[in-house]
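Open the structure in your viewer and keep the sequence panel visible. The tour below goes from one selection to the next and says what is found at each stop.

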Amino acid sequence: MKLNKAATTLAIALAAFASQSALAQVKIGVVSSATGPTALVGIPQKNTVPLLPAKIGDLSVEYVPLDDASDPTASVTAVKKLISEQNVDAIIGPSGSPNAMGVIQFVADAGVPLLAPVGTAAVVTPMDDKKKWVFKTTQNDDIIATALVEHMVKRGVKTVGFIGVGDPYGENWYKVFSALAEKNGMKIVANERYQRQDASVTGQSLKILAAKPDAVLVAAAGGPAVLPQTTLVEQGYKGQIYQTHGAALPDFLKLGGRKVEGTILAASLMLVLPEIADSHPSKRIAADYIAAYEKAHGTKPATFGANVFDAGLLLQQAIPAAAKVAKPGTKEFRAALRDSLEQTRELVGTQGIYNMSATDHSGFDERGRVLIAVRDGGWTLAK
């Protein structure tokens with residue numbers, strides 16, 4: 001009888017320990033567009049997941065990756081599944097700006113922090129009760145746009161043609177850029193939109209050509225950033241073409257070829273790492289990430305993958321503080337994790353330095369971008 005009682009006590013203790021161990025495990029959902037029109041962005045993000053920390057402090061971390069096929073509706077389905085079925089403590093993703101905008105309501109309602117590796121600043125601005133659950137791991141549009149406008153002013157640009165994708169990425173870029181252009185005495189003489197999946201922008205390009213702008217800014221992310229530029233060049237445009245950080249991927253060079261030669265963009269220092277001073281705090285971390293990615297996948301990563309890697313760095317710093325407040329898997333832990341992410345100070349990532357606050361959930365400053373030119377089929381610091 002005593003033996004049975006001891007065995008029962010031991011079984012209860014083991015069950016309690018197993019329960020605590022399961023509770024101690026942190027679950028992170030990852031939603032990427034590994035297929036579909038945004039795949040050039042989503043593939044390096046998906047491929048980066050195995051490089052994220054598997055253990056943070058005393059806590060093991062499990063990542064649950066899902067592909068939304070670049071479909072905003074599928075992003076919502078994936079996020080709901082991660083929240084209701086997997087009880088995740090945080091979510092990294094989705095890859096596309098419209099996809100991320102579409103899931104904000106659901107992560108806010110569930111109280112789950114979202115680390116969004118997307119271009120548009122609209123996911124975190126203007127800040128409100130819903131967007132306070134979102135943290136952005138890319139440079140905000142105004143930081144990139146300011147560098148481009150400064151270059152335009154130095155070049156004596158007076159008129160600009162704008163063409164962007166007809167979604168939150170393109171719309172927020174026009175909002176930010178048009179304000180800066182007006183402030184610096186430049187006039188936007190053409191304002192065109194197209195869809196990411198479009199196979200032609202001939203009509204939009206002809207309207208821009210007819211306006212005869214000194215320069216053109218293309219606002220798109222991934223492969224769709226190439227089409228407007230190649231079309232303009234084919235139709236005989238000779239002015240300077242600018243791109244946003246959405247074009248910062250190797251496939252932009254491969255797909256565009258000679259037609260993207262001379263492009264100016266502001267983007268991550270990762271594109272021109274050999275030219276970056278060793279004193280820059282992000283250089284070593286970026287180099288280590290690139291080496292690890294190349295070892296795992298046999299190719300260099302696009303900067304979009306680094307946005308997911310930085311999300312892992314942010315969580316690595318925030319999770320131990322949240323764990324002091326509550327156990328993973330609880331709403332109290334998720335709330336503490338959100339608060340901890342918001343307290344991020346001088347965290348060095350692959351893209352720059354993060355300083356979050358209650359009003360700034362991107363945290364980048366000028367250290368998070370450099371001005372880049374396409375020369376001889378590669379990236380180089382712009383002069």
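Two strands are said to pair if DSSP finds at least two bridges between them. With that in mind, note that the model on screen is predicted, and begin with strands.

**Stop 1: strands S10 and S11**

Select residues 240-243, which are strand S10, together with S11; the two pair in the parallel sense over 2 bridges. Which residue of S11 is the bridge partner of Gln243? Leu265 is that partner.

Now add residues 250-256, helix H9. S10, H9 and S11 together make a right-handed β-α-β unit.

Stay on S11, residues 264-267, and look at its two faces. Ile264 and Ala266 are on one side, Leu265 and Ala267 are on the other, and all of these are buried.

**Stop 2: the partner strand S14**

Select S14, residues 370-375. S14 pairs with S11 in the antiparallel sense, over 4 bridges. To find a place where the two strands meet, show Leu371 in S14, which stands opposite Ala266.

Beyond S14 comes a loop that leads to strand S15 (378-381), and Asp376 lies in this loop. The phi of Asp376 is positive, near 55°, although the residue is not glycine. Most residues other than glycine have a negative phi. Is Asp376 buried or exposed? Its relative accessibility is 76%, so Asp376 counts as exposed.

**Stop 3: the whole sheet**

Zoom out and select the 7 strands of the open sheet, in the order S8-S7-S9-S10-S11-S14-S15. The pairing in this sheet is mixed. Which strands stand at the edges? They are S8 (187-194) and S15; each has a single partner strand, so one side of each is left without a neighbour in the sheet. On average, and with direction ignored, neighbouring strands are turned by 25° against each other.

Next, show helix H6, residues 168-183, which packs on the sheet. H6 touches strand S7 (159-165), S8 and strand S9 (215-219), and its direction makes about 165° with that of S7. Then show helix H7, residues 202-211, another helix that packs on the sheet. H7 touches S7, S8 and S9, and its direction makes about 175° with that of S8.

**Stop 4: helix H8**

Select residues 226-234, helix H8. Its buried residues are Val226, Pro228, Gln229, Thr230, Thr231 and Leu232. What do these buried residues pack against? Their surroundings are S7, S8, H7, S9, S10 and H9. After H8 comes Gly236, with a positive phi near 100°.

**Stop 5: helices H3 and H4**

Move to H3 (72-84) and H4 (97-110). Two packed helices are described by the angle between their axes and the distance between the axes. For H3 and H4 the angle is about 25° and the axes are 8 Å apart. That makes H3 roughly parallel to H4, and the crossing is right-handed.

Show side chains to see the contact. From H3 come Pro72, Ser75, Val76, Val79, Lys80 and Ile83. They meet Pro98, Asn99, Gly102, Val103, Phe106, Val107 and Ala110 in H4.

**Stop 6: the loops on either side of S4**

Asn87 is found in the loop between H3 and S4. Its phi is near 50°, a positive value in a residue other than glycine. Asn87 has 35% relative accessibility and therefore counts as partly exposed.

Past strand S4 (90-92), go to Pro94, in the loop before H4. A cis peptide bond joins Gly93 to Pro94, with omega about -10°.

**Stop 7: the loop between S5 and S6**

Select the loop between strand S5 (114-116) and strand S6 (134-136), where Pro126 is found. Here Thr125 and Pro126 are joined by a cis peptide bond, with omega about -10°. Most peptide bonds are trans.

Val124 lies in the same loop, between S5 and S6. Its relative accessible area is 2%, so Val124 is buried. Leaving aside neighbours within four places in sequence, Val124 is in contact with Lys131, Val134, Phe135, Lys136, Asn140 and His361.

To link this stop with the beginning of the tour, draw a distance from Val124 to Ile264. These residues are 140 apart along the chain, and their C-alpha atoms are separated by 26 Å.

Conventions:
Residues are numbered from 1 along each chain as its sequence is written. This is a predicted model: local features need pLDDT of at least 70, side-chain atom pairs count only at pLDDT 80 or more; totals for chains, interfaces and linings use all residues. Side-chain values use heavy atoms; hydrogens and water are left out. Buried means under 20% relative accessible area, exposed over 50%, partly exposed in between (1.4 Å probe, protein chains only). A crossover is right-handed if, with the strands pointing away from the viewer, the path from the first strand over the helix to the second runs clockwise. Axes are lines fitted to C-alpha atoms, for helices over the stretch in contact, and angles run from 0 to 180 degrees between N-to-C directions. Angles under 35 degrees count as roughly parallel, over 145 as roughly antiparallel, 65 to 115 as roughly perpendicular and the rest as oblique. A crossing is left-handed if the near helix is turned anticlockwise from the far one by less than a right angle, and right-handed if clockwise. Contact means heavy atoms within 4.5 Å.
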